[in-house]
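Please open the structure in your viewer and keep the selection tool at hand. This tour moves from one selection to the next and says what is there at each stop.

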Amino acid sequence: MKFLTDEKLLIVGAAGMIGSNMVQTAAMLRLTPNICLYDIYEPGLKGVLAEMDHCAFPGVNLSATVDPAVAFKDAKYIISSGGAPRKEGMTREDLLKGNCQIAAEFGDNIRKYCPDVKHVVVIFNPADVTALTALIHSGLKKEQLTSLAALDSTRLQEALAAEFGVQQCKVTGAHTYGGHGEAMAVFASKVKIDGKPLSECGLSEERFAEIKHNTIQGGSNIIKLRGRSSFQSPAYQAVKMIEGAMGGEAFTWPAGTYVSEGKYKNVMMAMPTVIDATGCHYSAPEGTAEEMAALDASYAHLVKMRDEIISLGIIPAVADWKSVNANL
């Protein structure tokens, strides 16, 4: 059985639950035989490597290191979950300063050790600004670095499937855009339930408001149920994103991407996107006046977070970005 590529895939934060699941998923999907595990927590890293070796994936060559110079060298694809996880009672924004500092170092490592990397996926919270920070520090082109946003849409899809008693794949057009988190904009005007427009399915405004609320709080609910933040779903979606970048099946769920045109500028935000071997490409969302207003509000929230990390000195002022990353 062939691999999609033989180029190096680096999993950052591999000792954690998300990271270890990403390693396993990438090996099971036969993306590449060349997978490197990196983490600063050596005992956990060795444990994950042992577990993966015990899976006995045919043809897969796993390596593990706590040295960033070794880990990042020659990496062509990277997924990073290497931030602090969210705990019960915390919002994604509560992780802002510490995880953005981690993201800055992550971007610096890319610039220093693997400037020829092809695609990078950032999935640690708050993903919109950690990814933005990494992009600025890395020097990469905007289409080369994306953040995980698909979970918001898949949670909406799952909730609507449960509501109408259909297979989840029978719900189409269930997308959220803007920020990843409590400020997301839920778009429902293009949703279809087994081919039938949602507007014709008899769902009351009150019930849909509950579904929207549950979607927005989907991550918090996982923490309450399992006692820890999500790890299996973000791992799978992140690996599917990198699969698209490797030239496999294109990834068409919304991804966080750098936006620099039109009314939304100088932020990472979830948009209608396609990730393929040429990178991430986005188009403008289409929705009702109410949906677009929600997107405007989500964008304003992202700008506020962006400006906060500027004030902390983690990234420079917007006007100075090009002097740090000539591709922006």
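A salt bridge is counted where a side-chain nitrogen of Lys or Arg lies within 4 Å of a carboxyl oxygen of Asp or Glu. By this rule, the model, which is a predicted one, has 11 salt bridges.

Select Lys190 and Glu286 to begin, and you will find a salt bridge whose closest N and O atoms are 3.9 Å apart. Lys190 sits in the loop between β9 and β10, while Glu286 sits in the loop between β15 and α10, so the pair ties together parts that are 96 residues apart in sequence.

Next, select helix α10, residues 289–311, which has 23 residues and reaches 33 Å from its first C-alpha to its last. Its buried residues, among them Leu295, Tyr299, Leu302 and Arg306, pack against several elements, including α4, α5 and β13.

Stay on this helix and pick Asp296, whose side chain meets that of Lys263 in a salt bridge with a distance of 3.1 Å from N to O. The pair links distant parts of the chain, for Asp296 is in α10 and Lys263 is in the loop between β12 and β13. Further along, Arg306 forms a salt bridge with Asp307; Arg306 counts as buried at 10% relative accessibility, whereas Asp307 is partly exposed at 35%.

Finally, select Asp152 in helix α6. Which side chain of opposite charge is nearest to Asp152? It is Arg155, 4.1 Å away, and the buried Asp152 has no salt bridge. Show its surroundings as well, where Asp152 touches residues including Thr176, His180 and Thr215.

Key
Residues numbered from 1 in each chain as written. Predicted model: local features only at pLDDT ≥ 70, side-chain atom pairs only at ≥ 80, totals over all residues. Heavy atoms only, no water. Helix = DSSP H or I, 4+ residues; strand = E, 2+ residues; numbered from the N terminus. Buried < 20%, exposed > 50% of the residue type's maximum accessible area, 1.4 Å probe, protein only. Lys, Arg positive; Asp, Glu negative; His and termini not counted. Contact = heavy atoms within 4.5 Å. Expected span 1.5 Å × (residues − 1). Lists of a residue's contacts leave out its neighbours within four places in sequence.
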